[in-house]
Amino acid sequence: MTTAAPVKTEYEAIIGLETHCQLSTETKIFSDSSTAFGATPNTNIDPICLGLPGVLPVLNQKVLEYAVKAGLALNCTIARYSKFDRKQYFYPDLPKNYQISQYDLPIAEHGWLEIESKTEDGEAARKKIGITRLHMEEDAGKLVHGGSDRLSGSTYSLVDYNRAGVPLIEIVSEPDLRSGQEAADYAQELRRIVRYLGVSDGNMQEGSLRCDVNISVRPVGQDEFGTKVEIKNMNSFSAIQKAIDYEIERQIDAIAAGEPIVQETRLWEEGAQRTISMRVKEGSSDYRYFPEPDLPPIEVSEEQLQAWQEELPELPGVKRDRYENELGLSAYDARVITDDRSIASFFEQTLAAGSDAKQATNWIMGDISAHLNAQKLKITDLPLTPEALAQLIGLIEKKTISSKIAKDLLPELLEKGGSPQELVESKGLTQISDPKVLEEMISEVLAAHPKELEQYRNGKTKLKGFFVGQMMKKTGGRADPKLTNQLLAKQLDAK
């Protein structure tokens with residue numbers, strides 16, 4: 001798809017996200033069936049989530065707690081009084097033919113989330129994205145089409161009701177986003193927050209976090225919104241960005257060609273990198289909402305609200321600012337080290353054990369993260385403790401060992417744990433930093449390579465690296481690098 005640049009600059013995109021976040025409770029929202037992912041189809045079910053006659057739902061109190069904590073973390077006003085409603089529609093994955101959700105009295109409203117995105121000039125800029133509402137609801141089942149996830153081309157469909165009744169919170173943003181990049185940044189920050197809270201694992205591949213995008217375009221300067229299109233079926237942050245950018249182009253091209261934009265739901269086709277029409281969009285009146293008669297209203301007391309507020313952890317945005325302002329980390333380092341709460345906790349414990357912040361950051365973001373990725377581990381799975389990492393960094397700073405020796409020791413520490421100090425002593429790896437000992441060894445190295453020494457003194461100065469390598473080989477990497485370089489330069493340049 002191609003569009004002339006002058007046409008595109010005349011329009012702006014208006015984007016909002018509806019994010020369904022599966023809560024990490026052990027049981028479903030209105031029954032005691034398991035929420036475990038990956039179970040045999042239609043085994044985590046019960047009469048309540050299947051809507052069989054004569055059964056009544058009972059609200060899982062953990063769902064209310066998690067929803068309120070998420071609302072507080074998103075700076076929302078928590079409703080002291082709210083209720084559930086029936087949202088009625090007919091689809092094979094909805095066993096009751098209605099979904100218990102919240103309509104006009106959601107649990108939380110009027111919040112905001114701050115993101116940091118790059119401007120067109122490449123500069124980082126912060127922006128507040130409004131949160132319209134956050135409400136609780138139950139999930140539907142899952143359709144499996146012809147043994148795959150695609151309806152197109154399938155010859156039959158199966159229904160797995162394991163997911164029916166799994167608790168969700170739906171978070172609806174204001175239409176404050178203007179690009180695919182901003183939308184992806186918003187979704188990523190939202191996932192960080194729910195993970196920090198411990199209310200969801202935010203795993204998009206398993207459907208724990210699902211984003212639907214509402215997008216329209218309008219001429220720059222126009223107050224009225226254009227016709228809204230919804231996009232579904234995006235299972236990664238990259239897909240969110242690509243789908244939005246494609247849809248912006250598609251809508252602008254259609255307007256430029258004099259074609260109307262239809263209010264509809266479209267699907268993102270990852271393979272073809274395009275959106276395709278799915279169905280004409282329903283309005284809220286089509287769902288015939290009415291108050292859920294089998295559940296009482298929800299009341300949140302001041303005491304309970306205060307208790308949940310006090311249980312909130314330091315959130316990622318606050319932690320990033322603190323790492324930059326108090327620890328002197330760069331914006332990039334602070335963002336990477338706070339992306340996962342368990343890594344941030346490991347980092348802070350390493351500092352508490354006496355490590356320098358920048359050195360701890362370098363080790364965690366470098367060799368340790370590489371090991372975690374290669375072995376598909378979490379940092380909490382490591383035998384290496386924060387105290388051991390702080391000790392390893394301390395041995396380098398005291399010049400007991402070199403950075404190279406530390407890197408050589410790290411794999412064993414990552415696999416087996418233990419004390420770096422004891423490991424250094426048992427392997428005899430203490431760094432050689434006595435000038436007299438090093439000078440004597442340098443003299444021996446130079447005497448053993450007269451040809452290279454003559455070439456160096458005749459102008460081939462790059463051979464200095466050769467002599468440094470010979471020293472490291474002779475000392476098993478234990479020579480103090482800085483001191484060795486100084487003493488070697490002195491002897492090489494001696495006449």
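Two strands are taken to pair if DSSP finds at least two bridges between them, and in this predicted model strands S4 and S15, the latter comprising residues 290-291, satisfy that criterion with two bridges in the antiparallel sense. Strand S4 (residues 85-88) is also joined to strand S5 (residues 98-101), in this case by four bridges, and these two strands likewise run antiparallel. The result is an open sheet of three strands in the order S5-S4-S15, with antiparallel pairing. Strands S5 and S15 form the edges of this sheet, each pairing on one side only.

Within this sheet, Asp85 of S4 can be followed to a partner in each neighbouring strand: its bridge partner in S5 is Ser101, while in S15 Asp85 stands opposite Pro291. Both faces of S4 are covered, with Asp85 and Lys87 buried on one side and Arg86 and Gln88 buried on the other.

At the level of the whole chain, the secondary structure comprises 17 helices and 16 strands. The C-alpha trace spans about 95 × 55 × 50 Å along its principal axes, and the radius of gyration is 30 Å, whereas a compact globule of 495 residues would have a value near 23 Å. Of the 495 residues, 46% count as buried. Among contacts with a separation of 6 or more, 70% are made by residues 24 or more positions apart. The chain exposes about 24,600 Å², of which carbon and sulfur atoms supply 50%.

A local view of the helical part of the model is provided by Ala239, which is placed in helix H5 (residues 237-256). Because its relative accessibility is 1%, under the 20% cut-off, Ala239 counts as buried. When residues up to four places away in sequence are left out, Ala239 touches Met234, Trp268 and Glu270. Ala184 is 55 residues from Ala239 along the chain, and the C-alpha atoms of these two residues are separated by 8.6 Å.

Towards the other end of the numbering, the unreviewed UniProt entry lists residues 345-492 under "domain: Asn/Gln amidotransferase". In the model, this span is 72% helix and 0% strand, and its end C-alpha atoms lie 48 Å apart.

Helix H17 covers residues 481-492, and its geometry agrees with expectation, because 12 residues at 1.5 Å a residue should span 16 Å and the end C-alpha atoms of the helix are 16 Å apart. The buried residues of H17 are Leu483, Thr484, Leu487, Leu488, Ala489 and Leu492. The cover over these buried residues includes contributions from helix H14 (435-448), helix H15 (450-457) and helix H16 (464-475).

Terms used
Residues are numbered from 1 along each chain as its sequence is written. This is a predicted model: local features need pLDDT of at least 70, side-chain atom pairs count only at pLDDT 80 or more; totals for chains, interfaces and linings use all residues. Side-chain values use heavy atoms; hydrogens and water are left out. Buried means under 20% relative accessible area, exposed over 50%, partly exposed in between (1.4 Å probe, protein chains only). The expected span of a helix is 1.5 Å times one less than its number of residues. Contact means heavy atoms within 4.5 Å. The radius of gyration is taken over C-alpha atoms; the globule rule is 2.2 Å times the number of residues to the power 0.38. Accessible areas come from the Shrake-Rupley method with a 1.4 Å probe; for residues, only the protein chains shown count as cover. UniProt positions are given in the numbering used here, feature names are shortened, and annotations may be inferred rather than shown by experiment.
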